[in-house]
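Visitor: I would like to go through this model with you. May I start with a few short questions?

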Amino acid sequence: MLAKNYAAKEKAFLQTLRIGIFLTFLAINLKFIIGDIIKPLILFNVLQFGGHGHHFEFHTPSLPDMCGDVLTIILFLAAYLLMNSVTVRDKIGDIAFGFCDAKGSKKDSLMRIRDYVLWGKNIFYIAATGFLFYFFSKYLLKPWLEVFFTEETEAGTFFVALNIANNAVRLFADLILVYAYCKYIGASKHFKPIFYSFFFLRDLLFTNLLGFIHKIDLEMVAPALDVMFPLLLIYAIMSYISKKPSEKPYGVFRITQ
């Protein structure tokens, strides 16, 4: 737990870093909401505008998708700018400079701050990597395959292999984001397997990675599974909020003058 009193000069540094990490957490949540709540609502015609021929598409990026993804990018960008601001970089430099000569409680304080910085930056870079895989698959690989895959299927196995690789990238991207999410909330050993299993099973069905397309109507099974996701998300957030500061990852910094 990080529940130590720090000097006032470190207040801006810790607040800036904390906000950046929180924005990263919001970005992860927004990505989940886009893929696992908005998409099923589009498929079941709950989130639709206009008459026939003017509705949002499920298999291609639609306006709600793109707006949500743009907002997610903005959150990641804001988090990056905060976590790499002059205030944060200067403080990290001070920690590196003073760590070797520090002793006793001062060294302990610097170690706690260093660990907090590493924890926060790891969450950001892991989450950003997962989102980049997701973005690459959704806006580059998938549209390209939508155009060429059907026509070239009989010509060889290249496009089949590429389609499988694209589906694997989507699955891998979600599992990376789940890892960052669990790391932020300090998910319990009982919740982690449920969260990972949900995304693993959901993406296997949604991407048809196992080739069940002729046996199961995946456009119904996978979105129906998404009905569970808001419950998982609410449970995860409420369990994090209800935790004591000492139970949360790195606790809470108490900054005094």
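Visitor: Which helix does Leu-81 lie in?

Guide: This is a predicted model. In it, Leu-81 lies in helix α2, which spans residues 63-83.

Visitor: Is Leu-81 buried or exposed?

Guide: Leu-81 counts as exposed because its relative accessible area is 52%, and the cut-off for exposed is over 50%.

Visitor: Which residues make the nonpolar surface patch?

Guide: Leu-77, Tyr-80, Leu-81 and Tyr-125 make this patch, which covers about 400 Å². Helix α2 gives the most to the patch, with 3 residues.

Visitor: Turning to the interior, how many residues does the largest nonpolar core have?

Guide: The largest nonpolar core has 48 residues. Those with the most contacts inside it are Leu-17, Phe-32, Tyr-181, Tyr-184, Ile-185 and Phe-195. At least two core residues come from each of α1, α2, α3, α4, α5, α6 and α8. Helix α1 supplies the largest share, 12 residues.

Visitor: What does Ile-185 touch, leaving aside residues up to four places away in sequence?

Guide: With those left aside, Ile-185 touches Phe-25, Phe-191, Ala-236, Tyr-240, Lys-243 and Pro-249.

Visitor: Now Ser-137: where does it lie, and is Ser-137 buried or exposed?

Guide: Ser-137 lies in helix α4, residues 104-152. Ser-137 counts as buried because its relative accessibility is 0%.

Visitor: Which side chain joins that of Ser-137 in a polar contact?

Guide: The side chain of Asn-166 does, at 2.5 Å. Beyond four places in sequence, Ser-137 touches Asn-166 along with Lys-142, Pro-143, Val-169 and Arg-170.

Technical notes. Residues numbered from 1 in each chain as written. Predicted model: local features only at pLDDT ≥ 70, side-chain atom pairs only at ≥ 80, totals over all residues. Heavy atoms only, no water. Helix = DSSP H or I, 4+ residues; strand = E, 2+ residues; numbered from the N terminus. Buried < 20%, exposed > 50% of the residue type's maximum accessible area, 1.4 Å probe, protein only. Polar contact = N/O pair within 3.5 Å; in protein donor to acceptor, adjacent residues only side chain to side chain. Contact = heavy atoms within 4.5 Å. Patch = residues over 30% accessible without salt bridge, like charges linked within 9 Å, V, L, I, M, F, W, Y side chains within 5 Å. Areas by Shrake-Rupley, 256 points an atom, 1.4 Å probe, with all protein chains shown as cover. Salt bridge = Lys/Arg side-chain N within 4 Å of Asp/Glu carboxyl O. Core = buried A, V, L, I, M, F, W, Y, C linked by side-chain atoms within 4.5 Å.
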